[in-house]
Amino acid sequence: MWCYRGGSISTEPRINDRIRVPEVRLVGPSGEQVGIVPLAKALELAQEYDLDLVEVAASARPPVCKLMDYGKFKYESAMKAREARKNQAHTVIKEMKLRPKIDPHDYDTKKGHVVRFLKQGDKVKITIMFRGREQSRPELGYRLLQRLASDVEDLGFIESNPKQDGRNMIMVLGPHKKKTEAMAEAREAQAARKAEAKANPGKSQNAAESDADGEDIADDVDTAEAETVEAETVEAQAEASAEV
């Protein structure tokens, strides 16, 4: 009778005394082929070299085992995985909402957010929200979208042309710069700031803290801006609900 007792199946290879086979195909610490040897002999060689006997191919017959420093191997593997995640670029679509008759100051603020998003290599979805009689003047939203696209044309391009979607008009801007390039430039700028701080130890604490803030950009973290956009989105949704 089959019974599931819970718990996860370990994906780590068996090492040393956990290996339960009569013989193994042994690979030396430098990658040399030792051949098929009894398990006891393989464990004896592992002790002699002060290394671990690690099963690297359990499905082979006999299983393939290698002599290595397993702790060092796990550490190096974790570092490689971390570096791979660090260099991995995720496609992110930010969103910015505007009104057709937006105030000049508000327009400059929101345009600043769009500029920062494009500099980071992110796409930006621009939504013009119409209310009341504004719905009969879609050209106002179209002109505003074209104006914004023109203001940031050195950083991004129109990936999706303006189109009406119910009471909204939507346009998507794509960055000229790839995400990986933006992240690399941010890291270079961060390294330059650190080098400058080291060359000028008399730098004020406030300036040093300002440089430290740049690390968030290098790690692709834009929490403050995301919260700003989220707050604007919630406000806009509340206004839209009130109109209904």
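**A tour from Leu-173 outward**

Start by selecting Leu-173: leaving aside its neighbours within four places in sequence, Leu-173 is in contact with Val-114, Leu-118, Lys-123, Val-124, Ile-126, Ala-149, Val-152, Phe-157, Ile-158 and Glu-159. Keep in mind that this is a predicted model.

Next, widen the selection to the largest nonpolar core, which has 19 residues. Leu-173 is one of the members that touch the most others, along with Met-96, Leu-98, Val-114, Val-124, Ile-126 and Ile-128. At least two residues of this core come from each of β5 (93–98), α3 (104–119), β6 (123–129), α4 (138–151) and β8 (168–175). Another core lies apart from this one; it has 12 residues, including Ile-19, Leu-26, Leu-53 and Cys-65.

**Strand β8 and its partners**

Select β8. Is this strand mostly covered or mostly uncovered? Seven of the eight residues of β8 are buried, so it is mostly covered, buried here meaning under 20% relative accessible area.

Now add β6. This strand pairs with β8 in the antiparallel sense, over six bridges. To find one position in the pairing, pick Thr-127, which stands opposite Ile-170 in β8.

Then add β7, residues 156–165, which also runs antiparallel to β8, with seven bridges between the two strands. Gly-156 has Pro-175 in β8 as its bridge partner. Follow the chain from β7 into β8 and you pass through a hairpin with two residues between the strands. Gly-166 is in that turn and has a positive phi of about 65 degrees.

**A buried loop residue**

Go to the loop between α3 and β6 and select Asp-122. Is Asp-122 buried or exposed? Its relative accessibility is 1%, so Asp-122 counts as buried. Show what surrounds it: beyond its neighbours within four places in sequence, Asp-122 is in contact with Val-92, Lys-94, Phe-117, Pro-175 and Lys-179. Pro-175 is the residue met above as the bridge partner of Gly-156.

**Rings**

Select Arg-147 and Tyr-107 together. The charged end of Arg-147 sits over the ring of Tyr-107, at 3.8 Å from the ring centre.

How many aromatic pairs does a search of the whole structure find? The search finds one. Select Tyr-70 and Phe-73 to see it: the ring centres are 6.2 Å apart and the planes are at 25 degrees, so the pair is stacked. Planes under 30 degrees apart count as stacked. Both residues belong to helix α2 (residues 70–87), and because they are three residues apart there, about one helical turn separates them. Colour the two by accessibility. Tyr-70 counts as buried because its relative accessibility is 9%, whereas Phe-73 is partly exposed, with a relative accessible area of 39%.

**A second hairpin**

Select β3, residues 52–57, and β4, residues 64–68. These strands run antiparallel and are joined by five bridges. Val-54 is a place to look, with Lys-66 as its bridge partner in β4. The two strands form a hairpin, with six residues joining β3 to β4.

**Last stop: confidence**

Finally, colour the model by pLDDT. The mean pLDDT of the protein chain is 79, and 76% of its residues reach 70 or more. Select residues 204–244, where the pLDDT is below 50. Beyond near neighbours in sequence, this stretch has 41 contacts in the model. Where pLDDT is low, the predicted coordinates should not be read in detail.

Technical notes: Residues numbered from 1 in each chain as written. Predicted model: local features only at pLDDT ≥ 70, side-chain atom pairs only at ≥ 80, totals over all residues. Heavy atoms only, no water. Core = buried A, V, L, I, M, F, W, Y, C linked by side-chain atoms within 4.5 Å. Buried < 20%, exposed > 50% of the residue type's maximum accessible area, 1.4 Å probe, protein only. Helix = DSSP H or I, 4+ residues; strand = E, 2+ residues; numbered from the N terminus. Contact = heavy atoms within 4.5 Å. Pairing = 2+ DSSP bridges. Phe/Tyr/Trp six-rings, centres within 6.5 Å; stacked < 30°, edge-to-face > 60°. Lys NZ or Arg CZ within 6 Å of the ring centre and 35° of its normal. pLDDT = per-residue confidence, 0-100.
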